[in-house]
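Here is an informal walk through one model, from the meeting of its chains down to single residues. Have the structure open and turn it as you read.

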Amino acid sequence: MGQNERVSPVNRTTAAASFSVSFTVGLYGVAFGAAGIAAGFSLTQTCLLSLLTFSGASQFAVVGVLGAGGSAISGIATASLLGIRNALYGMRMAPIMKFRGFKRVIGAQVTIDESTGVALGQTELGVDAMRQGFWLTGIGVYIFWNIFTVVGALGAQAMGDPAAWGLDAAVPAAFLGLLWPRLTNKRERTLAISAMALSLALTPFVAAGIPIITTALLAVAFGWKSRP
Amino acid sequence: MSAMWIAVLGTSAIAFALKYFGHSVPEKYLSHPRALRINTLIPIALLSALVAVQTLTDKTKLVFDQRLAGLAVAVIALTLKAPFPVVVIGSAAASAAIFHLR
């Protein structure tokens, strides 16, 4: 096994981190697959979102908005606002990965929270480990996320009425699970409560989907000044 | 084309464009401190709104039903640092239980 000579303990550390992140995050795909079906998307549409959009929060958002009766435009807009951070990850990773041509297409598609996070976590191990972490995690999450999306979607299809199985509560719980680790200080917690209140207050008066995207203005207001 | 298909394809196209754009422009664009701050806060606002709307509304009405019990269980699970699957399954179980009791 000539390959083994090149696998240093450093690379094993990176590979282990990549695999555990890929598998754990990929499991969330079950929740997304079920959410897509519960929101009224077909099996094909749900799976295509995981294959093509491949960004968890954006995917949950678009099925959430349309599931609540929102228009395609407000679903796309909400999902896209959540996807802006992937552009920032790309800018952070570009000087390290230096993608050219078709590799940039593939590399861009797997530029997400996890691939960027694992890659930056390997900084002390050198640039090769960072690249390895990015690819292993990006491709790993892609594979597991898509497999588990199919599992969740098929499971939800077999269940029938989403409410009878608690799927109607599992979707907001999944959003809360995505939100929770982002609440690290008082400003963020105040923003979260304010956004909940604003979206509920607007609900009776505007078309579905609008109350959600309107809260992006709150984020702008809260982030304008650099207080802690 | 149905709204669902437009949403699937539109979301996917923009998601990829954003990712590709990031790899194609110098980092100095969009790295203004204010832009970075707001970008961190946008997911918090949108995810919070999604939690509230998905738990407490039905079309354009505010409703209190089994989903609120499910969300309460999710909050407890997250406070206890439970892993994601426990949070989701726990809240589904609580919501389903109330659904069948009503």
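## Where the chains meet

Start with the contact between the two chains, which takes 64 residues from chain B and 84 residues from chain A. Keep in mind that this is a predicted model.

On the chain B side, helix H1 (3–24), helix H2 (33–56), strand E2 (61–62), helix H3 (66–79) and helix H4 (84–101) each bring at least two residues to the surface that touches chain A. H2(B) has the largest share of that side, with 21 residues. Sorted by type, the chain B side holds 42 nonpolar, 15 polar and seven charged residues.

## One residue at the meeting point: B:Ala94

For a close-up, try B:Ala94, which sits in helix H4 of chain B. Is B:Ala94 buried or exposed? It counts as buried, because it has 24 C-beta neighbours inside 10 Å, and 20 are enough for that label.

Leaving aside residues up to four places away in sequence, B:Ala94 touches residues of both chains: A:Gly166 and A:Ala169 from chain A, plus B:Ala69, B:Gly70 and B:Val73 from chain B. The fold also brings B:Ala94 to 7.8 Å from B:Gln66, C-alpha to C-alpha, although 28 residues separate the pair in sequence.

## Two domains in chain A

Now over to chain A, where the domain assignment gives domain 1 (2–182) and domain 2 (184–228). Taken over C-alpha atoms, the centres of these two domains of chain A are 24 Å apart. Their contact draws twelve residues from domain 1 of chain A and ten residues from domain 2 of chain A.

Which helix gives the most to the domain 1 side of this contact? That would be helix H4 (residues 72–97) of chain A, with five residues. The domain 1 side that touches domain 2 in chain A is made up of five nonpolar residues, six polar ones and one charged one.

## H4(A) up close

H4(A) deserves a look of its own. It is largely enclosed by the rest of the structure, because 21 of its 26 residues are buried. At A:Leu81, H4(A) bends by about 30°. Just after the helix, A:Lys98 takes a positive phi of about 50°.

A:Leu81 turns up again where H4(A) packs against helix H10 (residues 210–224) of chain A. The angle between these two helices is about 35°, and their axes are 9 Å apart. H4(A) and H10(A) cross in a left-handed way. From H4(A), the contact uses A:Ser74, A:Ala77, A:Thr78 and A:Leu81; from H10(A), it uses A:Ile210, A:Ile212, A:Ile213 and A:Ala216. That makes six nonpolar residues, two polar and no charged in the contact of H4(A) with H10(A).

## Another helix pair: H2(A) and H3(A)

Finally, look at helix H2 (residues 43–53) and helix H3 (residues 56–67) of chain A, which pack at an angle of about 145° with their axes 10 Å apart. The crossing of H2(A) and H3(A) is right-handed.

Here A:Leu49, A:Ser50 and A:Thr53 from H2(A) meet A:Ser58, A:Gln59 and A:Val62 from H3(A). How do the residues of the contact of H2(A) with H3(A) divide? There are two nonpolar, four polar and no charged residues in it.

Technical notes
Residues are numbered from 1 along each chain as its sequence is written. Chains are lettered from A and ligands numbered from 1 in the order in which they are written. This is a predicted model: local features need pLDDT of at least 70, side-chain atom pairs count only at pLDDT 80 or more; totals for chains, interfaces and linings use all residues. Domain bounds come from an automatic or database domain assignment. Two residues are in contact if their C-beta atoms, placed from the backbone, lie within 7 Å. Helices (H or I, at least four residues) and strands (E, at least two) are DSSP runs, numbered from the N terminus. Ala, Val, Leu, Ile, Met, Phe, Trp, Tyr, Cys and Pro count as nonpolar, Asp, Glu, Lys and Arg as charged, and the others, Gly among them, as polar. Axes are lines fitted to C-alpha atoms, for helices over the stretch in contact, and angles run from 0 to 180 degrees between N-to-C directions. A crossing is left-handed if the near helix is turned anticlockwise from the far one by less than a right angle, and right-handed if clockwise. The bend at a residue is the angle between axes fitted to the seven residues ending there and the seven starting there. A residue is buried if 20 or more other C-beta atoms lie within 10 Å of its own, exposed if 12 or fewer, and partly exposed in between; C-beta atoms are placed from the backbone.
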